[in-house]
Amino acid sequence: MLEGINRKYDISGIIASLVVLAFSGLLIYLLYTQIPYGQDKMLVSKDYIKMGVNSTGATNLVTSVVLSFRGLDTLGEVTVLFASAMAVGLFLLPGAGMWQREENFVLRVASRFLPYLIILIGIYIVSQGHVSPGGGFQGGVVISSGLLLKLILKREKESGFGGLVHALESLMGAGFVALALVGLVKYGSFLYSFGPKGVPGTLLSAGVLPVLYAFIGVKVASEFVAILERFTSSGEEDERA
Amino acid sequence: MNALDFYALSVFLIGLGLMGVFLNRDFVKILISLSVLESGVNLLIVSIGYVRGRIAPILFSKELQASAVGKVVDPVPQALVLTAIVIGLGLLAVGLGMAVWMHRRFGTTDVSELKDLAG
Amino acid sequence: MDRLGLLFTWLTLGLAGLQILFLLAGDRYTRRPWPILGILLLTLVLVGLYSTKDMLYFFLFWSASTWLTFILSNNPRKAFGYLWVSLLGEFAMLSAIGYTYAVTGSTALSSLAKAGPTAIALFCLPFVVKTGVIPFNFWIGDLYTGSDKRFVLFLSAIISKLGVFGILRTVSELPSLPNLAVWQNLFIYLAGITAIWSAFKAVGSEDAIEALSFSSLSQVTFIFASVLLWSAVSVSGAVLHYINHMLIKLGMFSVVIYIWRKIGSTEYTAMGDFVRRMPVSFLFFLMLGISLAGVPPMGGFNSKWLMYEAFISKGRLLPVLLFFVAGVGSFLYVYRLLHSIFLGRKKASISLVKEMNPLQIIPLVVSGLVSFLIGAYVKPFMGLTSRALTGIFDPVTITKTSIGLVNLSLVLEVFGLLLGVVVILFWILLPKHRYAPDTEGYTAAAYLPEQIRLWDYSYNFYAPVNRLGKAFVDLFSLGWLAGFWKEYIAGLGLVLRGLYNGRLATYGAYIMLTLSGLIVALSLLVSKGS
Amino acid sequence: MTKLAVYTFALPLLAGFLMWFVGRLGNRPAKAFSALTSLITTVLAGKVLLSLLKGSSIVVVFGGWRPPLGINFFLDPLAGLWLFSVNVLMFLAVIGSGTRYSWRFYGLLMILLAGLNGLIMSGDLFNVFVFFEIVCLVSFALVAYYRKRESIEAGVKYFVLGSVASSLFLLAIALIYGKTGTLNLAQISYLSNSWPALFKLVVFVLILVGLGVESGVFPLNAWLFDAHPAAPFPVSALLSGIVIESALYVLLRLVGLFFLDKGAVLLVGQTLLLLGVLTFVVAEIVGFYQRDVKRALAYSSAGQIGLMLMAFAVGLSRPDLGSVALVLLFLNHLLAKGGLFLSVGAVSDRSGSRDLDRFAEECAFSDKVVGLVGGLSLVGAPPFLGFWGKVALVFGLLAINMYALVGIVLAVMVLEAIYLMRISSAMLTAKGEGRQDCPGQALSLWVLSLLMLGAGVLAVYGVKKGVDLSRLRFTPKQEYIQTVYDVSAYKGGVDIDG
């Protein structure tokens, strides 16, 4: 701790920090005066709450906002994730396992059956996205954490997930856009949530939203596996001019 | 946790994140403080959406659906934060990719080394 | 297109045609397409310039001509001085146009008067810059010597005198002549000094093109000053001299460029005694030289006579003195040119040179004859200039020709008389002449010291004049401003470069400082404002 | 017509997602595929622009929800023009990008195109943030593409500064949502009149700094001078050509909508004018001393951004001059700087050095043409667009009687003319007879020079006929709100059909 302090901090860093302190004070003052905490400040959200369930069929209002009312944000977000996976693929190269940990008994045994349990939980979270808290992103991450167990095992050559993962990732992304385009072509507006509303609260309700969330779940899972694989691989440098 | 803590906590995180970015010399530490900054802003967005004494926006029962306006928290900030977290994560992945590549390529992740592009 | 524009259009088209004929008649190098296309494009732009009465279009064509000259000179390093000073001039013109637009809402040339004297002065600044009057005369030498030889003829014949047309068009458009006496006098005297400086620079230079370029400068400043005088006689004299000077430069440059193509250099030391090989060009070159110097039988005399007369009648004796001294200078450099090219000592390069092929010599012949016509029978040309200046001035007629009589026949008789005397002299002396062996030198000394070059008239004869000229330039010209500007800006540049020191923490501090700075500044302004 | 606008955003995204499959066939098919996609989007954007110029502004609705509920795109003639020119330069950059880039490079380019198209059209505040993030993230990755020390340094700096800026922008969005309860730009603009002064001020500064870093405004553009030279030349052409301009476009759109009520117009105008002048003067003076050619071009880009900022500030009080200058300066810089980076970048890659004296040894003829035409139009020589942009800007500045400013701006413009002409003449007088990697490069350079010449001639013709360009401006607040939806009728919570 002490060693860190006496290292000469960059003078401009200190100036910036002082300014940050001042700015935080101003921010707190502004928040308390302008945006009172805990009061009902909703304007557009009142509509979402009032007609969210019967117009989209999803009881989880956040899902109806994420996928239907503000679907474009989610599409943008999926693109951000896809772009970051591609960028990491640009920076780091596939290769043998980087963590040359010697054989770890617990890890070897666990990695044989535990991932499938974790993936099961992930699938549950994804599928229940429109009914209870959860959804594509959260479920996708859980699934990928399951597969991470396999990635951190000692491995001589590439993890072999590569091809499948990329294909899944691209297909799901393209599927999402295709569904949105179907909405545009048939129903007149991009990302239109068509399909049978069903009984709100049951699994097969809210039309295309669960399908969209499924696509997102698989996409996020495959993207994370791709990213984690690159981080755990010791790819050699190929001099890209 | 009364009002003071959430707004104060998020502004504290934002301030901490910003200072961390400017004071640190190690790129990985900068990345960590960046994610602290982003989680601070995300916390602020969610706490803006919170209404005292209301429940999460899941309308699981019929009667809740009927009279939900006064009973449920604002769902929109939660949707925004869902997106903002993933965007923060995407940025972090790219940043870490750069950090790992930088460490492999130049042996160090000290940002103060990088100052020959000047003038 | 009004009459003034029409005259200048015909002059430019004529000259461009003759130059392109000269280039086409030359060898493969001068027939290369892009210089010819460039000259045609530049002529198009100039025709546009002559035809417009709207300041915005005038600025468009004026700026286009500057950039085209920069490109066609094909030597960016040497033409940079010209570029940045004419850009400064142009931007002064642009701000004048903008100011008039802001004040009067229209960009017509006539609305300039309502914008006040400073706007007019700013608008005319590029004309002064392009003419090359004192503070802006540092770029002339570089541009002409550095420019592409195929373009230098057009450059010195037309582009050097764009400023003259600019002043003519601007002042003729202004409804009432504003009281710009201060600017007028300032630039007339400056023009006089520049004329003298460039005359002696031309005398002292060792390169034919440099000599011709500085001679153009001294003639153009004389024309510029007489236009600035703005009286009927002075302006029509200026226009007549414009025509004369254009013809002279056309002829002289075509000879020099032809010689350059043949011997590859335009230095005086590389030329000499070409009269043997190029008698016809020598004859016309001589006629043009006489006209340039302003000697009676040739056109130069009439126009210079008119201009002097204008100055005298206005009682402006000092400018007359200045331009007279410049006139003396023109005698010197005309003889220097003639001597070095045609009469001097024979050099090895004589074998390379032969008479121009009939096509190539046409520009020289045309310019010689027309220049003689202007001298001998000036009435049609005066009619030409007066018709061009109708509406601006009442027509000016010269009742007397250069030797005081009105009709052409008498002039020819006298000329014939002189010619007869010369023929008789030749007839008497010719048999007695014996051919002096080629002794590489005219000294009487027995052996030939190796510094033989010191006595050769065409080699560095005017070195002291050069040194004087150089000191003069460093004192007055804007050249030092370029240096000052560079190093003043360098100082500021170093400070600003320090801003970007490459450290991430500093850049982060910039973000936060901008954030807080803006908040503090704006909140102060808002609280002060409300 | 609304379908076409959505396709310009959806198709490149689809292409980006499918790029992995095309990548299996190799890098050249990937380049061809992205060239085809960007060609299609260019044609679509062209059709959208034509319909916008003829008809009125378009509002595109998403998910079937009317504006205040769902996200909407808003397209006015200026957005149509911006969209079309962005796609044109992307298409030309993809063609002109030679043969050295992997399929991931083209995938990222397609996602960049989708992000930019979305950014220009978006009518929802958080949606603007999401697209802005896509553009930023892809730019970070593309700047650090090469494995050299220089590009990692530029990439790291750009990454950190960009992330801090986008967090500040997100903070501004949080405050706005907290205050107004909505994210639709028209509704926020309607509600913003009642914001207290301090709140409006802090949000204005947060947005200005958040978007200012990416658009290269003076104190915040330090990353730009490292990132553009270090990036591969097609990327630096795109960064200078469209990315910083689109960030500026969004900044000006948001400022135009939220902060321009009667009291603040003067203050906002003067702040932007001051920032514009500072950006222009500092960038040009420091650019004057650059030996590195691409770095000099980066400084000139920042300078042009300063000019555009000034044009917008002038446009607040004299819209007929200011907005015309903004459009002309933008188009001119897009074509000229895009062309210059594509040619100078490729030439300096081939000759191995970026120094002013040695970079131009491998100049092909089309490089020389673009070097000349691009340099001339960037510097403001007639008859190109730059000339008319400069004239409009000077007229505007004089109209709001900023005389001293005109003097400074024009004097510094001479500086820019000199150092850009140094580069152009170095290329023109290059002796070597270089050859380009692939014919696509020559094609794109020729197309760019023809576009510049054509635009110049069109401009001369337009000025002669007195064509009124004032439709190409940011839709003012009132008109924007009217076009998007009837704000006053919306009470919130009232039961309206889905």
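**Exercise 1. Work out what share of chain A is buried, and how its overall size fits with the globule rule.**

Let's start with burial. This is a predicted model, and 51% of the 241 residues of chain A count as buried in it.

Next, size. For 241 residues, a compact globule would come out near 18 Å in radius of gyration, but chain A has 23 Å. Along the principal axes, its C-alpha atoms fill a box of roughly 55 × 50 × 40 Å.

Then the fold elements. Chain A has nine helices and zero strands, so read from the N terminus the order is just α-α-α-α-α-α-α-α-α.

Last, the contacts. Take those in chain A with a separation of 6 or more: 76% of them join residues 24 or more positions apart.

**Exercise 2. Find Ala87(A) and decide: is it buried or exposed?**

Step one is the address: Ala87(A) sits in helix H5 of chain A, residues 71-91.

Step two is the count. Ala87(A) has 28 other C-beta atoms within 10 Å, and the cut-off for buried is 20 or more. Ala87(A) is therefore buried.

Step three is to ask who the neighbours are. Skip anything within four places in sequence, and the contacts of Ala87(A) are Val94(B), Gly97(B), Leu108(D) and Ala141(D). Within the sequence of chain A, Ile227(A) is 140 residues away from Ala87(A), yet the two C-alpha atoms are 9.4 Å apart.

**Exercise 3. Describe the side of chain A that touches chain D: which helix gives the largest share?**

Begin with the head count: 49 residues of chain A meet 53 residues of chain D.

Now sort the chain A side by element. Helices H2 (11-34), H3 (44-56), H4 (61-69), H5 and H8 (162-187) of chain A each supply at least two residues. The largest share, 14 residues, belongs to H5(A).

Finish with chemistry: this side of chain A splits into 25 nonpolar, 14 polar and 10 charged residues.

**Exercise 4. Do the same for the side of chain C that touches chain B.**

Here nine residues of chain C contact nine residues of chain B. Helix H20 of chain C (residues 504-529) gives the largest share of the chain C side, with four residues. By class, the chain C side has four nonpolar, three polar and two charged residues.

**Exercise 5. Look at H1 and H2 of chain D. At what angle do they pack?**

First the geometry: H1(D), residues 2-24, and H2(D), residues 27-54, pack at about 175°, and their axes are 9 Å apart. Anything over 145 degrees counts as roughly antiparallel, so that is what H1(D) is to H2(D).

Then the residues. On the H1(D) side the contact includes Leu4(D), Leu11(D), Ala15(D) and Val22(D); on the H2(D) side, Phe33(D), Thr37(D), Ile40(D) and Leu44(D) are among them. Spacing like this is worth a thought: an α-helix has 3.6 residues a turn, so residues three or four places apart point the same way.

Tally the classes and you get 15 nonpolar, five polar and one charged.

**Exercise 6. Describe H12 of chain C and say what covers its buried residues.**

H12(C) covers residues 279-293, so 15 residues, and spans 21 Å from first to last C-alpha, close to the 21 Å expected at 1.5 Å a residue.

Its buried residues include Phe284(C), Phe285(C), Leu288(C) and Leu292(C). Their cover includes helices H10 (208-229), H11 (232-263), H13 (299-313), H14 (317-343) and H15 (358-376) of chain C.

Just after H12(C) comes Gly294(C), with a positive phi near 85°.

How values were computed. Residues are numbered from 1 along each chain as its sequence is written. Chains are lettered from A and ligands numbered from 1 in the order in which they are written. This is a predicted model: local features need pLDDT of at least 70, side-chain atom pairs count only at pLDDT 80 or more; totals for chains, interfaces and linings use all residues. A residue is buried if 20 or more other C-beta atoms lie within 10 Å of its own, exposed if 12 or fewer, and partly exposed in between; C-beta atoms are placed from the backbone. Two residues are in contact if their C-beta atoms, placed from the backbone, lie within 7 Å. Ala, Val, Leu, Ile, Met, Phe, Trp, Tyr, Cys and Pro count as nonpolar, Asp, Glu, Lys and Arg as charged, and the others, Gly among them, as polar. The radius of gyration is taken over C-alpha atoms; the globule rule is 2.2 Å times the number of residues to the power 0.38. Axes are lines fitted to C-alpha atoms, for helices over the stretch in contact, and angles run from 0 to 180 degrees between N-to-C directions. Angles under 35 degrees count as roughly parallel, over 145 as roughly antiparallel, 65 to 115 as roughly perpendicular and the rest as oblique.
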